[in-house]
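Trainee: I have a model open and would like to learn how its descriptions are justified. Could we go through it together?

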Amino acid sequence: MRYESNAYATPGPTAEAMHALNTFAVTAPQDEPTVARLLEQALTAVETDLATTRACVARVAALLEQAEVAPAPAPVVARRRVGAGLAPWQARRVAAHVDENLGFPITIDHLSTLAGLSSSYFCRAFKDTFGEPPHAFIMRKRVERAQQLMLQTREPLSQIALACGLSDQAHLCNLFRRLVGQSPSHWRRSQWQEV
């Protein structure tokens, strides 16, 4: 007894459909069709080329199946470049100079001279070593020094700003708010109340 195929049943892929599907499989990863492009192509070919339509739909199904089965991509971890960064003696010398001279102007040129490097290479190496550019590092250190002075003395914020190498109290307030998240006076009051 021979069974007739149901008109509504989905037939298996034909040789033409498999050939059309294989043309999608050999595309480079950057040229790999997206689901939207495949569906557009299937919609365009539905009335004229049934094999291409079937191949597009089969490829969409495969892409959707891969998306469901594929594990979530691992988070990208920033890696330090091998051989990049300052030597330990350079890092110690530069960090010590910054700590000792927070109340004075500190230039990149002077820091690079201390490390024996050109300014441009020094900036890249510094960021690789400390995780932030030299200017950001110096500003963070100045805010940390300001926090120490606010807890240890009753000096006004304008004097603390000058002692930390900042131009004025407004500069301290803007920098402090950006790095700490609140104004220096509010932070100082909250720290005194905790003690």
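Trainee: Which residue follows α5, and what is the sign of its phi?

Mentor: G116 comes after α5, and its phi is positive, near 75°. Keep in mind as we go that this is a predicted model.

Trainee: Thanks! How many helices and strands are there in the protein?

Mentor: There are ten helices and zero strands. Read from the N terminus, the elements go α-α-α-α-α-α-α-α-α-α. Of the 195 residues, 30% count as buried. The protein exposes about 13400 Å², with carbon and sulfur atoms supplying 56% of that area.

Trainee: Let me pick L114. Where is its place, and why is L114 called partly exposed?

Mentor: L114 belongs to helix α5, residues 108-115. Its relative accessible area is 21%. Buried would need a value under 20%, and exposed one over 50%. L114 lies in between, so it is partly exposed.

Trainee: And what makes H97 count as buried?

Mentor: The cut-off again. H97, in helix α4, has a relative accessibility of 17%. That is under 20%, so H97 counts as buried.

Trainee: Which residues does L114 touch, leaving out those up to four places away in sequence?

Mentor: L114 touches W89, R93 and H97. Turning to H97, with the same kind of neighbours left out, its contacts are H110, L111 and L114. For a backbone view, take L114 and V94: they are 20 residues apart in sequence, and their C-alpha atoms are 6.8 Å apart in space.

Trainee: How do you know that the buried residues of α5 are on the same side of the helix?

Mentor: The buried residues there are L111, S112 and A115. They cover an arc of only 100° around the axis, so they sit on the same side of α5. There is a general reason behind such patterns: an α-helix has 3.6 residues a turn, so residues three or four places apart point the same way.

Trainee: Which helices do the buried residues of α5 pack against?

Mentor: They pack against α4 (88-100), α6 (119-130) and α7 (134-152).

Trainee: Let's look at a pair among those. Why are α4 and α6 called roughly perpendicular?

Mentor: α4 and α6 pack at an angle of about 90°, and their axes are 11 Å apart. Angles of 65 to 115 degrees count as roughly perpendicular, so that name fits α4 and α6. On the α4 side the contact is made by A91, V94 and A95, and on the α6 side by F122, F126, T129 and F130. By class, that contact has six nonpolar, one polar and no charged residues.

Trainee: What makes α7 and α9 roughly perpendicular to each other?

Mentor: α7 packs with helix α9, residues 169-180, at an angle of about 100°, their axes being 10 Å apart. That angle is within 65 to 115 degrees, so α7 and α9 are roughly perpendicular too. From α7, the contact uses M139, R140, V143, A146, Q147 and M150; from α9, it uses L172, L175, F176, L179 and V180. The classes here are nine nonpolar, one polar and one charged.

Trainee: Finally, what share of the contacts with a separation of 6 or more comes from residues 24 or more positions apart?

Mentor: Such residues account for 58% of those contacts in the protein.

Terms used: Residues numbered from 1 in each chain as written. Predicted model: local features only at pLDDT ≥ 70, side-chain atom pairs only at ≥ 80, totals over all residues. Heavy atoms only, no water. Helix = DSSP H or I, 4+ residues; strand = E, 2+ residues; numbered from the N terminus. Buried < 20%, exposed > 50% of the residue type's maximum accessible area, 1.4 Å probe, protein only. Contact = heavy atoms within 4.5 Å. Arc of directions from axis to C-beta. Areas by Shrake-Rupley, 256 points an atom, 1.4 Å probe, with all protein chains shown as cover. Axes fitted to C-alpha atoms, helices over the stretch in contact; angles between N-to-C directions. Parallel < 35°, antiparallel > 145°, perpendicular 65-115°, else oblique. Nonpolar A, V, L, I, M, F, W, Y, C, P; charged D, E, K, R; others polar.
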